[in-house]
Amino acid sequence: MATLKPYKGLRYNSEKISELNTVMTPPYDIISEKEQKDFYEKSPYNVIRLEYGVINDDDNDQNNRYTRAAADLKAWMDEGILKKEDKDSLYVYEQVFTHNDVTYSCKGIITLVQLEEFSKGIVLPHEETLSKAKTDRFNLMSTTYSNFSQIYCLYLDEKKTVKHIIDNVSAKNPDISFRADDGILQNLWIIQDAETINAIVKGFADKQLFIADGHHRYETALNFRNKMREENPSYSPDDLFNYVMMMVVDMDDEGLLVFPTHRMVKDIENFSETDIVSKLKENFEVQKIIVSNRTDVVAKTIEYELTKCANKGKVFAFYCGGDYYYKVSLKNFNAVKELMPNKSDAYCGLDVSVLHSLILDKIFGIDTENLANQKNLTYTRSFDEAITSVKDGSFQCSFMLNATKIREIKDVSLANEKMPQKSTYFYPKLITGLVMNNFKDLD
């Protein structure tokens, strides 16, 4: 099963960079253009320049965001801003955070993992990907020969073998500890003891990995590995391009949270709330609920009501901008299977599958291609935004839903299927720049 490999992680040199929060960022794909510029201004050594550089008007084949990333990486390593470990290492990484007034801790291991095709059933995806994002990441790897952020994967550890090791390592004070700008405490323990490393590697010998976040980067790493093998026919299996950097977390970790991603609908011709409600009643119970016209009250009411129903069936909130919303509860549980007879029960049982097939596609005509291009649909994980953007006329309506459950991800992956895009939003996001992987010296 999964093959882990310790490596000489590339980290910021604390003798050169005293405030780590000034050089690290969230994952590149949730950073806005304004935030990107803000990170540039925070520090000349912010990892944004490596992971998600700006595009200039005069960019060309010789000078662009990818070549600049490679130049900065080499310069920072030459200057000692970034240093590799002197020994092969694994890392225990912990994030301590608060959500709804409850404090959580989520711990996992940062490691290299041998790249495997999905067909082998060792590393399994759960979401569809877009080619544009994969091209961008491929171009970056082709100039930097590095992973700057970890792919986020889950595993099952029913005997808690790996958890026991993680707990032992993290019982002492962390080697690195700082609070990021979002208030989340970031702790890192560096493991260089051969016995502990071997125990962790052995602990994963029977485990599958389920990608939680980073599908684009994993598929890119596979493509890049294949390119490197073609260019180096006498390659060794130990060459680092055969591996990719990951953060692996126990699927039952109590600090592992998944948030829902809501759908906002726009530009539907002849949009009629009355007509939509009538069509919804074919497969759903529809209840109109009067609430305050205040956005925060509407948001809290809907979130509370959906949470109450999270384990009682498939329930959505349909909002059209007034002082009310519709509680939409699935009553015909065979309807999704009838539309998608070739899909597994696990896939058909997802909240997003019900929403996409019976509502967005069947009623609104938003099919798979439309979803991919986001022609009539935009995503948000904010209840407030899902309501405000309808109130101000930016969108015609919104559908709010409950989060996908962790075990649903496993079941869909094991059925060799992929969920619709934006089915999951793992929180908190892994910070970028804490530990990196450079697998080829740059000229």
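**Pockets, cores and sheets of the predicted model**

The largest pocket has a lining of 44 residues, among which Tyr28, Asp29, Ile30, His216 and Lys422 lie nearest its centre. The structure described here is a predicted model, and the space within this pocket amounts to about 1300 Å³. Several elements contribute at least two residues each to the pocket lining, namely helix H3 (65-79), helix H4 (131-144), strand S11 (209-213), helix H7 (215-231), S18 and strand S20 (425-427). Helix H3 is also where Thr67 is placed; with a relative accessibility of 25%, Thr67 counts as partly exposed. When residues up to four places away in sequence are not counted, Thr67 touches Asp61, Gln62 and Thr143, and its C-alpha atom is separated by 9.3 Å from that of Asn139, which is 72 residues apart from Thr67 along the chain.

Enclosed space was examined as well. Three cavities of 30 Å³ or more are held within the structure, and the largest cavity has about 130 Å³ of space. Its lining is made up of Glu51, Arg137, Leu140, Met141, Ser146, Asn147, Phe148, Ser149, Ile151, Arg217, Ala221 and Val244. At least two of these lining residues come from each of H4, strand S7 (146-147) and H7, with H4 providing the largest share, three residues.

Ile151, one of the residues lining the largest cavity, belongs to a strand that is covered on both faces, S8, in which Ile151, Cys153 and Tyr155 are buried on one side and Tyr152 and Leu154 on the other. Because five of the five residues of strand S8 (residues 151-155) are buried, this strand is largely enclosed by the rest of the structure. Strand S8 pairs in the parallel sense with strand S12 (residues 243-250) over five bridges, and Leu154 stands opposite Val249 of S12. With S11, by contrast, S8 runs antiparallel and is joined by three bridges, Phe210 in S11 being the bridge partner of Leu154.

Two residues of S8 also figure in the largest nonpolar core, which comprises 98 residues and in which Tyr12, Tyr152, Leu154, Phe318 and Phe364 touch the most other members. Helix H12 (residues 351-361) contributes the largest share of this core, six residues. A second core, separate from this one, has 30 residues, including Phe118, Val162, Val169 and Leu222. The contacts of Tyr152, leaving out residues up to four places away in sequence, are with Cys106, Phe210, Ile211, Ala212, Asp213, Met247, Val249, Leu256, Phe426, Pro428 and Leu430.

Elsewhere, six strands form an open sheet with antiparallel pairing, in the order S15-S17-S16-S19-S14-S18. Strand S15 (284-290) and strand S18 (377-380) are the edge strands, each pairing on one side only, and from one strand to the next the twist averages 25°. Strand S14 (residues 262-265) and S18 run antiparallel and are joined by four bridges, with Arg263 standing opposite Tyr379 in S18. Two helices lie across strands of this sheet. Helix H8 (residues 273-280) lies across S15, strand S16 (315-319) and strand S17 (324-330), and runs at about 20° to S17, whereas helix H9 (residues 295-308) lies across S16, S17 and strand S19 (397-400), running at about 160° to S16.

The loop between H8 and S15 holds Asn283, which counts as buried at 5% relative accessibility. Once neighbours within four places in sequence are set aside, the contacts of Asn283 are Ser329, Leu330, Lys331, Asn332, Ala335, Leu358 and Lys362. From C-alpha to C-alpha, Asn283 and Lys16 are 62 Å apart in space, and they are 267 residues apart in sequence.

A further strand pair is formed by S9 and strand S10 (residues 185-191), which pair in the antiparallel sense over four bridges. Strand S9 (residues 176-179) has a covered face consisting of Ile176 and Phe178, while Ser177 and Arg179 make up the uncovered one. Ser177 has Asn187 of S10 as its bridge partner. Five residues lie between the strands in the hairpin of S9 and S10, where Gly183 adopts a positive phi near 90°.

Methods:
Residues are numbered from 1 along each chain as its sequence is written. This is a predicted model: local features need pLDDT of at least 70, side-chain atom pairs count only at pLDDT 80 or more; totals for chains, interfaces and linings use all residues. Side-chain values use heavy atoms; hydrogens and water are left out. A nonpolar core is a set of buried Ala, Val, Leu, Ile, Met, Phe, Trp, Tyr and Cys residues joined through side-chain atoms within 4.5 Å. Buried means under 20% relative accessible area, exposed over 50%, partly exposed in between (1.4 Å probe, protein chains only). Contact means heavy atoms within 4.5 Å. Two strands pair if DSSP finds at least two bridges between them. Axes are lines fitted to C-alpha atoms, for helices over the stretch in contact, and angles run from 0 to 180 degrees between N-to-C directions. On a 1 Å grid over the protein atoms alone, a cavity is a set of points where a 1.4 Å probe fits but cannot get out, and a pocket is an open set with protein on both sides within 12 Å along at least five of seven lines; lining residues have an atom within 4 Å of a point. Grid points are joined across faces, edges and corners, and a volume is the space filled by probe spheres set on the points.
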